[in-house]
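Reader: I should be grateful for a close look at the open sheet of this model and at the links between side chains around the chain. Please set out the terms as you go.

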Amino acid sequence: MIPFRKRFTAGLTALCLGLGTHLMVQPRAAAEPVGCTPTSTVSVFTYNDFHGRLANAAALFTPVEKARASQGDANVALISSGDDIGGSTFESMADDDNPTLKVMAAAKLSTRTVGNHEFDKGWADLAGRVNSAVPGVDQLGANVYRKGTKQVASPLKRYTTFKVGELDVAVIGTVTGDLPSLVSPAGLSDLTIGDPVEAVNETVSQLPEGIDLIIASIHEGAPNGKGTGDEQAAASPSFRKMWTEIDPRIRVVVGGHTHQTYSWTNDKGQLFTQAGSYAAALNELKAGVTGDGALCGISNTTTKIDAKAFDTSL
């Protein structure tokens with residue numbers, strides 16, 4: 001077996017690693033069995049607001065590579081919740097964030113959600129250069145519509161599906177509803193930006209049958225990672241709508257944009273989590289799987305990433 005660090009380095013050099021197969025799954029009961037006993041576990045890693053921190057990339061993705069080496073690639077997924085580019089350090093910014101896009105292409109993402117900074121250079125740049133730079137990976141923006149319609153602007157998609165181990169997973173992605181106030185209006189002239197929570201809820205009914213785990217990847221989040229989810233919902237109308245109105249069929253809500261670190265569960269049993277920013281944290285969702293391939297419990301662990309302590313010489 002190739003050591004995971006060398007395998008990651010080789011991936012960055014190749015820049016074109018593949019993506020797990022997208023599929024329409026066959027119908028199966030999606031409800032979690034009562035009193036189930038998992039026979040295996042799979043991992044779904046999530047991060048957000050990377051912002052072109054190239055020096056931290058190896059440290060951020062090393063735990064993912066460790067999991068792939070120990071669990072097998074088929075049992076590990078990786079989700080970005082937006083702002084991979086924009087607001088970047090010089091080594092990425094000076095080349096229009098192309099170095100960061102190459103890292104994302106090598107990291108074997110399962111899917112990525114657009115953040116507000118993906119729109120920094122306008123819609124044409126996002127739909128063309130940025131989208132094509134990570135081939136084979138769906139870029140999600142369920143609330144990014146063609147102007148005056150509710151039709152998602154291509155090449156963005158409302159959702160994507162993929163398999164992790166025996167679990168059929170769906171991810172619905174949306175950008176903050178504040179996007180029009182965060183980027184140049186000229187870059188959004190052909191678009192209408194909808195409410196992210198409403199777009200997520202509208203999309204749930206469009207998912208194929210038999211999905212075991214539905215994740216909402218929303219580039220929006222709590223204003224502060226301290227306290228409780230209820231306290232942060234009281235402080236932020238945007239987060240309150242997420243906290244209280246997300247369709248109950250959504251099991252996990254992965255956030256971004258606010259650069260906070262938290263992991264809370266609301267009174268509907270939905271897990272809300274965000275992994276800070278600048279490659280300083282990484283979330284690992286551990287999902288239990290029964291013998292017949294059904295979801296059986298899910299938990300989250302947030303790991304702080306210390307890029308300075310990472311030894312790249314190995």
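Author: Two strands pair if DSSP finds at least two bridges between them. Helices (H or I, at least four residues) and strands (E, at least two) are themselves DSSP runs, numbered from the N terminus. This is a predicted model, in which local features need pLDDT of at least 70 and side-chain atom pairs count only at pLDDT 80 or more, while totals for chains, interfaces and linings use all residues. Residues are numbered from 1 along each chain as its sequence is written, and side-chain values use heavy atoms, with hydrogens and water left out.

The sheet is open and is formed by six strands, in the order S4-S3-S2-S1-S13-S14, with mixed pairing. Its edge strands are S4 and strand S14 (295-304), each of which pairs on one side only. At the S4 edge, strand S3 (residues 111-113) runs parallel to S4 and is joined to S4 by two bridges. There, Arg112 stands opposite Gln139 in S4. Helix H2 (residues 57-71) packs on the sheet and touches strand S1 (40-47), strand S2 (76-80) and strand S13 (281-289); contact means heavy atoms within 4.5 Å. The direction of H2 makes about 160° with that of S1, where axes are lines fitted to C-alpha atoms, for helices over the stretch in contact, and angles run from 0 to 180 degrees between N-to-C directions.

The edge strand S14 also takes part in a disulfide, a pair of cysteine sulfur atoms within 2.5 Å. The structure holds one disulfide, and this joins Cys36 to Cys296, with an S to S distance of 2.0 Å. The link is right-handed, with 105° about the S-S bond. Cys36 lies in the loop between helix H1 (4-14) and S1, and Cys296 in strand S14, so the pair links distant parts of the chain, 260 residues apart. Cys296 is buried, with a relative accessible area of 8%, whereas Cys36 is partly exposed at 21%. Buried means under 20% relative accessible area, exposed over 50%, and partly exposed in between (1.4 Å probe, protein chains only).

Salt bridges form a further set of links, and the structure holds 11 of them. Each is a side-chain nitrogen of Lys or Arg within 4 Å of a carboxyl oxygen of Asp or Glu. One joins Lys157 and Asp138 at 3.1 Å, N to O. Lys157 lies in the loop between strand S5 (144-146) and strand S6 (159-164), and Asp138 in the loop between helix H5 (123-132) and strand S4 (139-140), 19 residues apart. Asp138 is buried at 12%, while Lys157 is partly exposed at 38%. Another salt bridge joins Asp168 and Lys163 at 3.0 Å; Asp168 is buried, with 2% relative accessible area, and Lys163 is partly exposed at 35%.

A third pair is Asp195 and Lys241, whose closest N and O atoms are 3.3 Å apart. Asp195 is in the loop between strand S8 (191-193) and helix H6 (196-204), and Lys241 is in helix H8 (residues 237-245), 46 residues apart. Salt bridges that share partners join Asp195, Glu198 and Lys241 into one network.

As to confidence, pLDDT is the predictor's confidence in each residue, from 0 to 100. The chain has a mean pLDDT of 90, and 88% of its residues reach 70 or more. Over residues 1-30, however, pLDDT stays under 50. Where pLDDT is low, the predicted coordinates should not be read in detail.
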